[in-house]
Amino acid sequence: MTASHHAKKAPQIPAALLPESLLEKSKRHAKRALAAKQSGDDDDYQLHAALALELLAKSALARIHPSLVVKAENLNSLLEASGISTGTTVRTIDAGEAYARLRHTVPSYTTPDLDACRKLAERRNAELHSGEAAFAAFPPDLWEGEFWHAAELILKSMSLTLDDWLGADAKTPKALLQALRKAKRAAVKHRIERARTAFLEFKP
């Protein structure tokens, strides 16, 4: 037999678990969120922001290993995440579980960040799956600083920036660049407020 007969086939990880696929999908929703922000559509802004952040979190986890974005109790999904085909649908974790796992993988991602991310996901679920106007009751000034701050932390753990995530370059429309600048300011403002709170609560 030739060497090729003995060579093992490379593991095939489902596209749904690939960090690159998750990141690209996250980028699309992040850009839609930014466009909605610029046009003043607060509901779409929050919806796409929630989707973008969940996918970004899963991409960061999948970079470590695809098994981190599947349900641990589902054996077939764990096998698929290891490149072993089972012929069944992959079962991935929900947003809340993804954010919880980031506590152990993203530096400086603290309990307040986890809580803010989970609440964003909960409002998305309420908006989509019930008659509650969850987004209308929570305008951007109450959540976007936390959102952009959390996104920056996750991106930093992936050696990426907001510009990388949102594809900001010479071809980006001026309106979106303006929205991105506002997003960056919101993230910085939130970091400063978080540091101020920590300072005031510090007891030597």
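**Chat: helix packing, a pocket and a salt bridge**

Student: Where do H5 and H6 sit relative to each other, and at what angle do they cross?

Tutor: Helix H5 (residues 95–102) and helix H6 (residues 111–129) have axes that come within 9 Å and cross at roughly 170°. That makes H5 roughly antiparallel to H6 (over 145 degrees counts as that). This is a predicted model: local features need pLDDT of at least 70, side-chain atom pairs count only at pLDDT 80 or more, and totals for chains, interfaces and linings use all residues. Residues are numbered from 1 along each chain as its sequence is written, and side-chain values use heavy atoms, with hydrogens and water left out.

Student: Which residues make the contact?

Tutor: From H5, Ala95, Gly96, Tyr99 and Ala100; from H6, Leu114, Cys117, Arg118, Ala121 and Arg124 (contact means heavy atoms within 4.5 Å). By class, that contact has six nonpolar, one polar and two charged residues.

Student: Switching to pockets, how much space lies in the second largest one?

Tutor: About 150 Å³. Of its 14 lining residues, Asp115, Ala116, Cys117, Lys119 and Glu146 are the closest to its centre.

Student: Which element gives the largest share of that lining?

Tutor: H6, with seven residues. Helix H7 (144–157) also gives two or more. The lining has ten nonpolar, no polar and four charged residues.

Student: And how many salt bridges does a search of the whole structure find?

Tutor: Five, counting a side-chain nitrogen of Lys or Arg within 4 Å of a carboxyl oxygen of Asp or Glu. One salt bridge joins Glu144 and Lys37, at 3.0 Å, N to O. Glu144 is in helix H7 and Lys37 in helix H2 (residues 19–39), 107 residues apart.

Notes. Axes are lines fitted to C-alpha atoms, for helices over the stretch in contact, and angles run from 0 to 180 degrees between N-to-C directions. Helices (H or I, at least four residues) and strands (E, at least two) are DSSP runs, numbered from the N terminus. Angles under 35 degrees count as roughly parallel, over 145 as roughly antiparallel, 65 to 115 as roughly perpendicular and the rest as oblique. Ala, Val, Leu, Ile, Met, Phe, Trp, Tyr, Cys and Pro count as nonpolar, Asp, Glu, Lys and Arg as charged, and the others, Gly among them, as polar. On a 1 Å grid over the protein atoms alone, a cavity is a set of points where a 1.4 Å probe fits but cannot get out, and a pocket is an open set with protein on both sides within 12 Å along at least five of seven lines; lining residues have an atom within 4 Å of a point. Grid points are joined across faces, edges and corners, and a volume is the space filled by probe spheres set on the points.
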